[in-house]
Every structure is written in C-alpha cells, then in structure tokens.
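Q: I should like to learn how to read the features of a protein model. Could we work through one together?

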Amino acid sequence: MNKTFTRVKRRMLGYDVQRVDQFLARAKRSYAALASENPGLAEGSELAEGSGLLETPVPSDRSMLSESSVRSERLASSGEVREMIDAASVANVAFPMVRGGYLPAAVDAALDRLQTAFIHRQRAAVLAQSGENVWLDSTYELARKLYPRLRRSRRARFADAQGVGYSKAAVDRFLDRVSAYFAGKSELTVSDVRMVAFPSAKKNDAYNEAVVDVYLDELAKVLLAVE
C-alpha cells in the first residue's frame, strides 16, 4: 500500500507511512473477517482491490487555518493497535507525524470512507440477525445524546477555548442547521459534517476544538447509520 497515498515533501510533516499501512492492513483483515462471519454480506465488498476506497484523496480538515488534520492533534500513544478493527477504531485512530510521510488530508479522507464501509456492513449484519428495529433503536439512543447541546444557548454549547479555537458564531450556525435537520426542516449529510470548516477565534469568542470535533464525530456516526 506504500503507493496508495501522496506523500508530503521530505522536509514537511505527514502521517507515519509504516503505521498507516499497518493499520489499513489490519482493517482490511478485520473487514474480511466480518464478511466471513456473515456470508450473506460477502458480496459487494467495499474493500475489494481496486474499489477506490483507499484512493482518490479529498481534503477533510475542519480548521481553515491549519493543514494538520483533526487526527494529527490526537497523536497515538506508542504500542500496536489491536488486531480487530471496527468503525470506532477507524474514527479514533491517530498516527505520529514524521517528515516525508503521507499527506494527512488524503489519509483522513480514506479513513472516512473506510469508517462508512464498516458501519454499512455492521448495519447489514444487525438487520440480518436482529431486524431493523434493533438497529433503529441503537441509532436513536446515539442521536438522543446529541440533543442537549442543541438546546443550549448560543455561545454556551461547548467549553471555551483556552487560546485559539473554533469561532463560536460559526459553530453555532452549523449547530442550528443540525437542530433543523433533527426537526425535519433541513437536509444534512455525512459529507456536510466531515467537510465543515470553522474559522479561528480567540478565548471567549472560541470553542474548544477537541470538544467540538468529538461532537461532530458522533453526529457523523448517526448520519452514517441512517444513510
């Protein structure tokens, strides 16, 4: 897989090539194992060779002023990732930054597609084994956890940034759109959530970026579950 992603220039920082390749190899084995446990789902594998799932990079950074991705701000601790990978593992994985590594935006975009593939396969397995109601109930519970922040007052939906963070005004506007979606008054897609970008602000005018990012990750999971 060492030719899958574009690399940054030698003096620039990118994702550790070996760690990325190792994780994607484990992910592919885990995905294949899930298919073997559910033979009826084996056809149409989204991770088949040549599927393009791990190709065609698309930038996915949320910060307008930084080329480092959300994942690069949550560097992985040393040690191997467990062998079995699932959608949550893909969403939370982080890679060390090294000179001459993979372009973060390209890897992040592929991981987004990989997470989608895992969730779709998981949904198909649950539907086959337990029925649609079980899947919808679990999705509803996940969505319900997102509601409290939507009910909070503007400028008070997330913790304040200690220094620079996401503009409160921009984040609040996006959350108003999320609220309208849950009320059935607006459209919202996973792509909208993954590609949203917020300008930077400082202190009282900014939300803590990490807290907002976690919320958006959970929102993306809900949208993936129903698409």
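Q: How much area does the protein chain expose, and what share of it do carbon and sulfur atoms supply?
A: Accessible areas come from the Shrake-Rupley method with a 1.4 Å probe, and for residues only the protein chains shown count as cover. Here the protein chain exposes about 12100 Å², and 52% of that area is supplied by carbon and sulfur atoms. Please note that this is a predicted model, in which local features need pLDDT of at least 70, side-chain atom pairs count only at pLDDT 80 or more, and totals for chains, interfaces and linings use all residues. Residues are numbered from 1 along each chain as its sequence is written, and side-chain values use heavy atoms, with hydrogens and water left out.

Q: How many helices and strands are there in the protein chain?
A: Helices (H or I, at least four residues) and strands (E, at least two) are DSSP runs, numbered from the N terminus. The protein chain has eight helices and five strands. Read from the N terminus on, the order is β-α-α-β-α-α-α-β-α-α-β-β-α.

Q: At what angle do the axes of helix α3 and helix α4 cross?
A: Two packed helices are described by the angle between their axes and the distance between the axes. Axes are lines fitted to C-alpha atoms, for helices over the stretch in contact, and angles run from 0 to 180 degrees between N-to-C directions. The axes of α3 (residues 104–130) and α4 (residues 132–144) cross at roughly 130 degrees and come within 7 Å. This makes α3 oblique to α4; oblique covers the angles left over when under 35 degrees is roughly parallel, over 145 roughly antiparallel and 65 to 115 roughly perpendicular. Contact means heavy atoms within 4.5 Å, and this contact is made by I119, Q122, R123, V126, L127 and S130 of α3 with E132, V134 and W135 of α4.

Q: Is K168 buried or exposed?
A: Buried means under 20% relative accessible area, exposed over 50%, and partly exposed in between (1.4 Å probe, protein chains only). K168 has a relative accessible area of 3%, so K168 is buried. K168 lies in helix α6 (residues 168–182). A polar atom of the K168 side chain lies 3.2 Å from the backbone oxygen of R155. Leaving aside neighbours within four places in sequence, K168 is in contact with residues including D160, A206 and Y207.

Q: Where does A161 lie?
A: A161 lies in the loop between α5 (147–151) and β3 (164–167). A161 counts as buried because its relative accessibility is 8%. A161 and K203 are 42 residues apart in sequence, yet 5.3 Å apart in space, C-alpha to C-alpha.

Terms used: A polar contact is a pair of N or O atoms within 3.5 Å; within protein, one must be able to donate a hydrogen and the other to accept it, and residues adjacent in sequence count only if both atoms are side-chain atoms.
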